[in-house]
Amino acid sequence: MRRLPWVLIIALAFSTVATAADIAFYIGQWNTDGWYSEQQFTDVETIIAQTGHLFRDVQQFDDDQFEAFGAWVDENTDDGELDIIWLNGCLPSVLYPYPNLEVDGSRIEEWLDGGNMVINVGDWFAYVSYETGSREPTNGEAGAANILDLSSGIIQNAGGTQVTVTGEGEEYLPSLGSGIITTDRPVALGAVDAPWEVAAEFASNGTQADPVVIRNTETGGYLAIINQASGGPGGWIDDRGLTCAEFIGNWVNSVVGLADPALASDPMPEDEAVDVLRDVVLGWAPGDHAVTHDVYFGTVFDDVNTASRDDPMGVLVSQDQSETTYDPDGLLDFGVTYYWRIDEVNGAPDNTIFKGETWSFTAEPMGYPIESVIASTTGIPMAGAVLENTVNGAGLNELDQHSITSSDMWVGVADGDIPLQFQYEFDRVYKMHEMLVWNYNVQFELILGFGLKDVTVEYSLDGAEWMTLGDVVVAQGTASSDYAANTAVAFDGVAAKYVRITVNTGHGMMGQFGLSEVRFLYIPAHAREPEPADGATNVSVNPALAWRAGRDSISHDVYVGTDPDALVLDGTVDVASYALDALDLDTLVYWRVDENQEVESWEGNLWSFTTQAYLVVDDFESYTDDEGSRIYQTWVDGYGVPANGSTVGHLQSPFAEQTIVKSGKQSMPLFYDNAGTSMSEAELTLSADWSASSIQGLTLSFHGDADNTGGQLYVKINGTKISYDGPASNLTQAGWNLWTIDLATVGNVSNVTSLIIGIEGAGANGEVYIDDVRLYPKILAYYTLPDITGPDDTVQGVPNDGDWPDGEHPGLAVDNDVNTKYLHRKGGAMSTGIQVTPAAGSTVVTGLTLTTANDVPTRDPITFELSGSNAGIDGPYTLIAAGDIVDFAGETDWPRFTKNETLITFDNDVAYAHYQIVFPTLRGESQTLMQIAEIELIGE
């Protein structure tokens, strides 16, 4: 029995880190027809003995532990880890009710959708459940097809199929040997369709494979098939336990990634990170039982990797520290790679030390290359010479070595008496570090001497007024294909947007001058790497701005506004973060950070973000079936209160509704029974300011039921009651309706402490589902998404037989003009309508509006069927939604030229390029003409 409801308001701050995985073995009844035997217990022991240390939690479940097995699966499905279920060739009903009773949404399907792995050994995956000792309740070929959403041919009934061990098999599963093994149920590689892909083939004949791994590229789920074979000659891998242990220890651990729970993990900065701040503080996630930590840190890999307490080698920088962070002394050196290791030390009595992995990172460089450079010259190029090749990396390999190919360089002559100059323009003013030069470098350069020698380097802020940096001698190219830049010109932090090189002499006397590449490096004095990212959307109205500070900055001026040309200084801080006051919803915000050094300032780039379109009051996604987080413990209902006939949540888990959902995965079921009372209410306790951020409207979506009887829906905000102003019949409609409440009618909403949703009316009885309770900066109409149909669309009639007046053709149904109409003369006798290819392109349609035409209400449609196609306007079509047009079927004729008022929305997440809407039923039973003034498909 449910306990009396109570309200629990808790604010929690969560931080997640990737942790070691968990594994569960199904050791229930195996298929006794020869696919497995009691050997499974030995195999499981082998797997645990060899790989158990890689997992935080190792469990075994048999057929008497289904409740615990199901709870374990539910707990680990969406925990952010790659967890594993090992199956003995049978799929127990706790994961997939037989025979195929839960085609979608089963635990095993949710498990894979949660980014986890299944290892199947023995009989065909998902083919059979044997827990009753009988093989009668089989899933058959449909089992794997249903779970994977692939064809029934994904696994083949092909006894004695020979497959050859691949290179991957020899590397990762050495127990397979190097020859041929036999499988009876191989995976058909050609049936692995998107989003699935073949991740590894350990034994294959080109079209079939086993052992094999397939991966869902959208969810990250893995299915590993290891020896789906019965026990005949050649039908067994010598030791399935050993092979599975090799698979986990060698392939899963190294290719996918697992972590020993005893070791430190999740290094920050990440392993092999580059461009790391010089004042970085190292951090890590501790091992399961670590009490203290030994920190090793240095610039030589071998030292850090081999040092110990007995031989610290000068890199044991902290011993037995309790903190999981370490701050290296001083600033790190520019561009240097550092290595570090964390050894985890257990507590008494053993004080075991677990040697950690050796991680690395590279500190930020002194200078960064300028990416956007425009080159120009006063010189006249020789045939084939391209000036842009001097700044675009042409001819450089991954080691920054230049080729000897002349087309990768520039060569030319001066234009008469005009000095030969190269000018380079940047996209902004930079604090300059240096210029690297690769001189001309053809094969015969040491003989020809086309390369530059004596040059004068100048710089400018505006391209008009120039300052001389100095005269430079440019080293000659080496005439080899491993030529590295051999001239570096220091700029020592001057500010420049332009650099000019004037050629005074070359290395030869032939009057031709060449250049391979120049690279300009800058000191990052500007603010960069903004958070939120430039152009970000759906940003909180209470954003915490952050950025990477300009080097040597001592303070930061933060400018904010909605006009990019009139930003206002919002504040000055000495850290690279800034908390803004609450912003308006659905607003484009611009910001800039100017960095202040001791003697100069650097104006930042203009960044922008758009705030979230709405605030969520409750989307019902956070509720679980665990005590304390159940939906009825937050939305207090009338359970045990005679004057309140409401019940929130189902009586059995799952307590939240998970099928009738507007968005996300859950909605709130609200059952009402006003027998003996006049109202049914559910109350949410809040502490919120609904007057901030330009909030104007409260919205909620509700879904009725055809069996509901009577009742008026309402809400109370701080006790102020607002009744639903739409058709009362919407409570009896099995579809989602949007209700928007103008908060101006409520009064003061600066401190909202209570939101009540209720149904009043003596004797009213039924159920309603609530979802997406939100706050918007405007009063929403029924349809918040745009009409994606219009006069530029391609339209044809259904049937497309021309049986309509010339002035009432199908295109007039989507011309955005209610004063025109489409009339088909076969309406009533058959389903008539239109097929349309919206000019807007492929679109997800989730709503529909219809407007009546000018005459004869009996011609109005009262039912619809909407379908989509990506093949062409002629189909074939897939049904999206069908239902009643409630308003047009009412007792009173719906007004002419008037859009339906009762919301028509439906669940759809597939984008289609073509749509078909037909009207099977008209208001007049004997009517032969169908007419409609306007059809709007609502989508995005």
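Here are short legends for several close-up views of this predicted model.

Because the model is predicted, local features need pLDDT of at least 70 and side-chain atom pairs count only at pLDDT 80 or more, while totals for chains, interfaces and linings use all residues. Residues are numbered from 1 along each chain as its sequence is written, and side-chain values use heavy atoms, with hydrogens and water left out.

**View 1. The largest pocket, with a volume of about 1600 Å³.** Asp74, Glu110, Asp625, Gln658 and Gln666 are the closest to its centre, out of 32 lining residues. On a 1 Å grid over the protein atoms alone, a pocket is an open set of points with protein on both sides within 12 Å along at least five of seven lines, and a lining residue has an atom within 4 Å of a point. Grid points are joined across faces, edges and corners, and a volume is the space filled by probe spheres set on the points. Helices α2 (66–77) and α3 (107–113) each supply at least two lining residues, and α2 gives the most, with six. Helices here are DSSP runs of H or I with at least four residues, strands are runs of E with at least two, and both are numbered from the N terminus. Sorted by class, the pocket lining has eight nonpolar, twelve polar and twelve charged residues. For that sorting, Ala, Val, Leu, Ile, Met, Phe, Trp, Tyr, Cys and Pro are nonpolar, Asp, Glu, Lys and Arg are charged, and the others, Gly among them, are polar.

**View 2. An open sheet of seven strands with a helix packed on it.** Read across the sheet, the order is β2-β1-β3-β4-β12-β11-β8, and the pairing is mixed. Two strands pair if DSSP finds at least two bridges between them. At the edges are β2 (55–61) and β8 (196–201); each has a single partner strand, so one side of each is left without a neighbour in the sheet. From one strand to the next, the twist averages 15°. Helix α6 (residues 240–257) touches β1 (21–26), β2, β3 (84–87), β4 (117–120), β8, β11 and β12 (222–225), and its direction makes about 155° with that of β4. Contact means heavy atoms within 4.5 Å; axes are lines fitted to C-alpha atoms, for helices over the stretch in contact, and angles run from 0 to 180 degrees between N-to-C directions.

**View 3. The β8 edge and the cis bond before it.** Five bridges join β8 to β11 (residues 212–216), and the two run antiparallel. Look for Trp196, which stands opposite Asn216 in β11. The peptide bond from Ala194 to Pro195 is cis, with omega near 10°, and Pro195 sits in the loop between β7 (187–188) and β8.

**View 4. A salt bridge between Asp320 and Arg309.** Their side chains meet at 2.9 Å, N to O. Asp320 lies in strand β17 (residues 316–321) and Arg309 in the loop between α7 (301–306) and β17, so the pair ties together parts that are eleven residues apart in sequence. The structure holds 28 salt bridges, each a side-chain nitrogen of Lys or Arg within 4 Å of a carboxyl oxygen of Asp or Glu.

**View 5. The largest cavity, with about 50 Å³ of space.** A cavity is a set of grid points where a 1.4 Å probe fits but cannot get out. The lining is made up of Met435, Val437, Leu452, Val455, Val472, Val474, Thr487, Val489 and Ile501. Strands β27 (421–439) and β31 (487–490) each supply at least two of these residues. The classes come to eight nonpolar, one polar and no charged.

**View 6. A three-strand open sheet.** Here the order is β60-β57-β63, with antiparallel pairing. Both β60 (904–905) and β63 (934–939) stand at the edges with a single partner strand each, so one side of each is left without a neighbour in the sheet. Six bridges join β57 (residues 845–851) to β63, and Val845 stands opposite Gly939 in β63.

**View 7. Asp552, a residue with positive phi.** Its phi is about 70°, although Asp552 is not a glycine. You'll find Asp552 in the loop between β36 (544–548) and β37 (555–561). Most residues other than glycine have a negative phi.
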